[in-house]
Amino acid sequence: MRTEKEMFDLFLNIAKVDERIRVVGMEGSRTNINVPKDDFQDYDMSYIVTDMESFTNNDNWLDVFGKRIIIQKPEAMDLFPPELDWFSYLMIFEDGIKIDLSIIPLEMLDEYLKSDKLLKILLDKDGLVLNPPTPTDKDYWIYKPSVEFFDDCCNEFWFVSTYIAKGLFRDELLYACFHMEQIARVQLFNMLSWKIGVEHGYNFSIGKHNKYIKKHLTENEWNLLMKTFRMDSIDSCWTALKSAHQLFRQTSKYVAEKLNYNYPDYDVQVTEYISRHGE
């Protein structure tokens, strides 16, 4: 696998000899000093250019990055309708390097600079970036919930629990799993993150998709959380739901106590409702 220095030299050398490329930026985990480095990190790069079409009308110019095993161009796919006026190439190479490269029109430089706080300018040929940004993951830090937000989280978790139970009563496993994964679990992670914030402060991130949360949980909390992922049968999904209830209950009570918030009665009423219909 090519080294980080080799890759940065490649990105910059390409840009230096190509008059169409005026600014080179980098985003993502490689700009974040709080993320451990490893071989699986993507290179999230952007070329800000004067002529978009000359890049996007064929892919031959990409060969300079190496031999690809697969490429994806989201803005050219019906599956992903484009949201911005720039073009992306997601590429994996034979040596394991993954590059997410965006081609952005020069007139959108300001929008690019505002698009992500984890952004670093590596090359600015014309001095267009007057105040180069300092990368920060502040936008992803844990936050302290308001009273209303805390209550809404509890309400959503317990309300959606009735949908999960309904799916299980009907032997509709996929319906139940959808509501567990897409809705209830989101609120469970919200509550766990607030507990971590209560205990350790609100000036750090637990990572994309909560990937660093384990190091902040007790062994009991982690074991309960893992039980919520076993959903390959009706019985296992019932166990997952009960484990989620237990973990959410103990966590939300703790957060409510520490923040001096009222613990709502959704828990008792929904638990009784589910138990009554399961008899």
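Over the face of which ring does Lys-195 lie? I looked this up first and found Lys-195 over the face of Tyr-254, at 5.2 Å from the ring centre; a charge sits over a ring if NZ of Lys or CZ of Arg is within 6 Å of the ring centre and within 35 degrees of the ring normal. I also noted Arg-2 over the face of Phe-93, at 5.6 Å from the ring centre.

I keep in mind that this is a predicted model, in which local features need pLDDT of at least 70 and side-chain atom pairs count only at pLDDT 80 or more, while totals for chains, interfaces and linings use all residues. Residues are numbered from 1 along each chain as its sequence is written, and side-chain values use heavy atoms, with hydrogens and water left out.

Next I looked up aromatic pairs, for which ring centres of Phe, Tyr and Trp (its six-membered ring) must lie within 6.5 Å, with planes under 30 degrees apart counted as stacked, over 60 as edge-to-face and the rest as tilted. The count comes to 17 aromatic pairs. Among them I examined Tyr-143 and Trp-194, which are edge-to-face at 5.9 Å centre to centre, with 75° between the planes.

I then checked accessibility, where buried means under 20% relative accessible area, exposed over 50% and partly exposed in between (1.4 Å probe, protein chains only). Tyr-143 counts as partly exposed because its relative accessibility is 37%, whereas Trp-194 is buried, at 0%.

I turned to Phe-150 and Tyr-261, a tilted pair at 5.7 Å centre to centre, with 55° between the planes. Both Phe-150 and Tyr-261 are buried.
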